[in-house]
Amino acid sequence: ARPPAAPAGSRAALALVTLLSFASRFHRLPEPPHVCWDETHFGKMGSYYINRTFFFDVHPPLGKMLIGLAGYLSGYDGTFPFQKPGDRYEQHNYMGMRGVRRYRLVSSFLALLCFSPCALSLSSLEKYTGCITLSQYILLDPILMFFLMGAVLSMVKCNACADRPFSASWWFWLSLTGVNLAGAMGVKFVGLFVVLLVGLNTIYDLWDLLGNLSLSLVMFGKHLLARVLCLILLPLALYTAVFAVHFTVLNKSGPGDGFFSSAFQSQLIGNNLHNVSIPEHLAYGSVITMKNLRMAGGYLHSHWHLYPEGVGARQQQVTAYLHKDLNNLWIIKKPDSDADLSDPSSPVEFVRHGDIIRLEHKETSRNLHSHQHEAPLTRKHFQVTGYGINGTGDSNDFWRIEVVGRKPGKLIKVLRSQVRLTHVATGCILGSSGKTLPKWGWEQVEVTCTPYLKDTPNSLWNFEDHINPKLPNISLDVLKPSFAEILLESHMVMIRGNSGLKPKDNEVTSKPWHWPINYQGLRFSGVNETDYRVYLLGNPVVWWLNLFTIGLYLLTAISTAVALKRGVQLSSELKELSRVVLRGGGQIALGWLLHYLPFFMMGRVLYFHHYFPAMLFSSMLTGITWDTLLKFFAGFLSPSTAARRVYGGGILALVLLIMYSFYLFHPLSYGMIGPMASDPSSPMAGLRWMDSWEF
């Protein structure tokens, strides 16, 4: 059934909360006038869109595209470097990229319109402090929460139209649900959690329809097809379109090139592979570069520097390097031949699958070498070095080249063939571990020889640059990947990048159990008394009220379910309240679980702000629970004026408590200058309720 019309007082409260939401999020918009926390990443990516420069990020592109669009429309020219937190914006126009996200948080309380305006007002106020901090800066989280809550709102509004299926409003809300699902997924992969929530709701609805014997199977089929169209095909089409725009706009070579395949790089203007012609098949005497196929695996690289004492044999370092460099060049030679293969009169001999070869480093004339000394970082892997003088070394310089999925004797194609190099003497396979070497290794990537014979991206390579004047060239246009291949590759790179995220030195990370109890915040800006300090922390009154209310809701829901099961006679008002508790509150509680529990299973680095989507659901659950309980207790009072006073007084008390707590902690969101909270003279000293709070 449709939700009942809200009383005039409730609508006034809703209007007031909406006004306060806008005012609080535009307050002190320009402060601080320097780069804060992850603005260094997402502001820079907005600049890349304006300059059409290709980059890599572990998240889908929609959020960054909107940041770039906001900057472009507000007059930002994309020239600010966003090098590190604390850099001042000076004359650059950053207001558009910060300001565009204020309206997005308005949606974070819209979903409760379907339940109760008073519950809405309560839960909306609960999102202050932490949400304001997030919405102040150039970040993805506010955009994600906009689409996330938009999907929940659309889903609930579509449910409210269940008595009018296939009406214009029903189609509108169903389609809008799909649009918001695509938006949530297009900003961050955690948008999958709201997709799962909507999916479970859809399965529940379809199962309920299937049990309706007055509904024909033909009509049920129409319901099923409508949901497939709006909740599967439409989001997939929009999500794919986002990537199509992303790859169309970012058509210039940039810092993200090295993360992608050589075939992909050949499409980027300014890349050394763009619009060039190179020999197609590998031959002895060719000068080549080898690129590891793991995400950020880098190019096979060497330099004059030696491994330090105590790190394997003191021979020349071999690493993987993410950037183009002359030290990435190698010459393919036969194992025991010193013939001058660059002589134009010498015949061309192609390298074939199964051949034993020697790779000589062009700049230093040392051979790619391995032995049974342990690798610098990876235990049980062998060290890889550069060895020999002017190409003369020993039998540990020999490698067998093999192409994945090819038969012995087949030619090896540049860019397209995926090859592994097996060390003849030890049987290990050349690979990139992905681990960063210490400063003695110039913080490049470790290369090892692994005795574990598995075809993984770490142990597979392709040949990128290929120079051999004796061979005919082909245009790299024949290697142009299809859009489907680019889309698949980009997702593989993003997934590997996400799972491989590790904390930086001295970076504050957190664990999922920290989040609901508000154990530790996150420093956005400033560390000293003279700095402009911003600290991301949830309003502790709200956070702990939410935590208490989750337990209270479980008790209420269980009691309600038991009463209904036992056949307790309820009035129409109590039946409506029980429906709100079990169906409405159940959906929101499920949303909280889906957006919180998966983080316990993630191996990547985690931060406090990852909890905020789940916090939206816990705040809404708090609003629903207290609104329902106050109505329940007020229902036992008569006359109705007394009931309204009890209900209104309870809501007012909670609202005033939340507003006062926001007043106390608002400096965390808007910035502080002066003594640290650990100093008794600081105005924030009495508010440092936990030692783990670092403001």
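Me: What makes the lining of the second largest cavity five nonpolar, four polar and two charged residues?

Reply: In this predicted model, the lining consists of M155, C158, N159, L174, T177, V198, N201, T202, D205, R227 and L231. Met, Cys, Leu and Val count as nonpolar, so M155, C158, L174, V198 and L231 make the five. Asp and Arg count as charged, so D205 and R227 make the two. Asn and Thr fall to the polar class, so N159, T177, N201 and T202 make the four.

Me: Which helices supply at least two residues each to that lining, and which gives the most?

Reply: Helix 7 (141-160), helix 8 (168-187), helix 9 (191-210) and helix 10 each supply at least two. Helix 9 gives the most, with four residues. The space they enclose in the second largest cavity is about 90 Å³.

Me: Why is T202 called buried?

Reply: Buried means under 20% relative accessible area. T202 comes to 12%, so the label applies. T202 lies in helix 9 and, leaving aside residues up to four places away in sequence, touches R227 and L231. R227 and L231 are also among the residues that line the second largest cavity.

Me: What makes the pair D205 and R583 a salt bridge?

Reply: The closest N and O atoms are 3.3 Å apart. The cut-off is within 4 Å, so the pair qualifies. D205 lies in helix 9 and R583 in helix 14 (residues 572-596), so the salt bridge ties together parts 378 residues apart in sequence.

Me: Why do D205 and R583 carry separate labels, one buried and one partly exposed?

Reply: D205 is at 16% relative accessibility, under the 20% limit, so D205 counts as buried. R583 is at 26%, which lies between 20% and 50%, so R583 counts as partly exposed.

Me: How do you know that K631 and D627 form a salt bridge, and where do the two lie?

Reply: Their N to O distance is 3.4 Å, and that is within 4 Å, so the pair is a salt bridge. K631 and D627 both lie in helix 15 (residues 612-634), four residues apart, about one turn of the helix. K631 is partly exposed at 34% relative accessibility, whereas D627 is buried at 4%.

Me: Which residues do salt bridges with shared partners join into one network?

Reply: K333, R358 and E360 are joined in this way. The structure holds 16 salt bridges.

Me: What makes D163 and R164 another of these salt bridges?

Reply: Their side chains meet at 3.6 Å, N to O. The limit is 4 Å, so the pair is counted. R164 has 23% relative accessibility, so R164 is partly exposed.

Me: How do you know that C428 and C449 are joined in a disulfide?

Reply: The S to S distance is 2.0 Å. A disulfide needs two cysteine sulfur atoms within 2.5 Å, so C428 and C449 meet the rule. C428 lies in the loop between strand 10 (419-423) and strand 11 (429-436) and C449 in strand 12 (residues 445-450), so the bond ties together parts 21 residues apart in sequence. Both C428 and C449 are buried.

Me: Why is this disulfide called right-handed?

Reply: The torsion about the S-S bond of C428 and C449 is about 95 degrees, so the disulfide is right-handed. The structure holds one disulfide.

Me: Is C131 buried or exposed?

Reply: C131 is buried: its relative accessible area is 1%, and the limit for buried is under 20%.

Me: How do you know that C230 is in no disulfide?

Reply: The nearest cysteine sulfur, that of C158, is 8.4 Å away. The cut-off is 2.5 Å, so C230 has no partner. C230 is buried, with a relative accessible area of 3%.

Me: How many cavities of 30 Å³ or more are there, and what volume has the largest?

Reply: The count is five, and the largest has a volume of about 120 Å³. Its lining has 14 residues, of which F55, D57, H59, H246 and M494 are the closest to its centre.

Me: Which helices supply at least two residues each to the lining of the largest cavity, and what is its make-up by class?

Reply: Helix 10 (217-249) and helix 12 (483-499) do so, and helix 10 gives the most, with three residues. By class there are nine nonpolar, three polar and two charged residues.

Note on methods:
Residues are numbered from 1 along each chain as its sequence is written. This is a predicted model: local features need pLDDT of at least 70, side-chain atom pairs count only at pLDDT 80 or more; totals for chains, interfaces and linings use all residues. Side-chain values use heavy atoms; hydrogens and water are left out. Buried means under 20% relative accessible area, exposed over 50%, partly exposed in between (1.4 Å probe, protein chains only). On a 1 Å grid over the protein atoms alone, a cavity is a set of points where a 1.4 Å probe fits but cannot get out, and a pocket is an open set with protein on both sides within 12 Å along at least five of seven lines; lining residues have an atom within 4 Å of a point. Grid points are joined across faces, edges and corners, and a volume is the space filled by probe spheres set on the points. Contact means heavy atoms within 4.5 Å.
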